[in-house]
Amino acid sequence: MDIEKYTEDTEQIKEISRRIQEEADYQARDIIQQAKQESENILNIAQQQIASERTKKMADLELELKQMREHIFSSLNLEKRRIELKEKERFIKKILEEVELQAKSFRTSEEYPNFLMKDILEGISVLDKEELRVIYSSLDEAIFTEAFLQKLSEACHKQLGKKVILHPEKGDFSDIGVKLQSMDGRIVFDNTFSARLARMQNEIYNRLLKEN
């Protein structure tokens, strides 16, 4: 074998191997660099997504907390309003009960006959009839004397400008005030204290709710 030829071939093989190794090393470095870059990009994207999700979750949590606070405050305000209304209703009930007691005691007042007269005149004005029944409580029987009826007739002519024939009748109620009825019994004007209070109750109730 030609030694020189063998040596030359060996050197060529070494050179080729060296070049292959260099190319392989270069490609390996390039792949590693690309992989590293891609890894950094993926990491950056992941961090951005994590930050975005964290921000969204924090916003959602903040909204949920805000809604929870609003619900709690709304519930507390409703409960407070309910308690206030309950107290006012109790106060109103107490006032109305006191008014009823005072109304009953008013029967013994010297002004009570005048109250009855005004009560009757009001009923006459409302019904606008020439002849009426005046139904009064048995507790007021002593008031409906001839003198009282004469005074009532004069007041009717003076204040209402007309003459009305009145037929006083004793009723079966104990309330203060009177009831007026047309002679055929079809029209009744209840002007007792209970009826007057019932007509005014909503107005009284709303007024007391506003003032107290």
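**Group meeting: a four-stranded sheet and its helices**

Let's start at one residue. Leave aside the neighbours within four places in sequence, and Thr192 is in contact with Phe173, Asp175, Ile176, Gly177, Val178 and Lys179. Keep in mind that this is a predicted model.

Where does Thr192 sit? It belongs to strand 4, residues 188-192. Is Thr192 buried or exposed? Its relative accessible area is 4%. The cut-off for buried is under 20%. So Thr192 counts as buried.

Now the sheet. It is open, it has four strands, and the order is 2-1-3-4. The pairing is mixed. Strand 2, residues 165-170, is at one of the edges, and so is strand 4. Each has a single partner strand, so one side of each lacks a neighbour in the sheet. On average, neighbouring strands here are turned by 20° against each other, direction ignored.

Next, helix 2, residues 112-127. Helix 2 packs on the sheet. It touches strand 1, strand 2, strand 3 and strand 4. Its direction makes about 25° with that of strand 3, residues 177-182.

Back to the pairing. Strands of a sheet pair through backbone hydrogen bonds, either parallel or antiparallel. Strand 1, residues 131-136, runs parallel to strand 2, and six bridges join them. Take Ile135: its bridge partner in strand 2 is Glu169.

How do strand 3 and strand 4 pair? They are antiparallel, over five bridges. Lys179 stands opposite Asp190 of strand 4. These two strands form a hairpin, with five residues between them. In the turn, Gly185 has a positive phi of about 80°.

Last, helix 3, residues 146-160. Does its length agree or disagree with the expected span? It has 15 residues. At 1.5 Å a residue, they should span 21 Å. The end C-alpha atoms are 20 Å apart, which agrees.

Which residues of helix 3 are buried? Phe148, Leu152, Ala155 and Cys156. Look down the axis: the buried residues fall within an arc of 105°, so they line one face of the helix. What do they pack against? Helix 2 and strand 2. The face turned away from the buried side carries the exposed residues Glu146, Ala147, His157 and Lys158. Just after helix 3 comes Gly161, with a positive phi of about 70°.

To recap: helix 2 packs on the sheet, and the buried residues of helix 3 pack against helix 2 and strand 2. Thr192, where we began, is in strand 4, at an edge of that sheet.

How values were computed:
Residues numbered from 1 in each chain as written. Predicted model: local features only at pLDDT ≥ 70, side-chain atom pairs only at ≥ 80, totals over all residues. Heavy atoms only, no water. Buried < 20%, exposed > 50% of the residue type's maximum accessible area, 1.4 Å probe, protein only. Contact = heavy atoms within 4.5 Å. Pairing = 2+ DSSP bridges. Axes fitted to C-alpha atoms, helices over the stretch in contact; angles between N-to-C directions. Expected span 1.5 Å × (residues − 1). Arc of directions from axis to C-beta.
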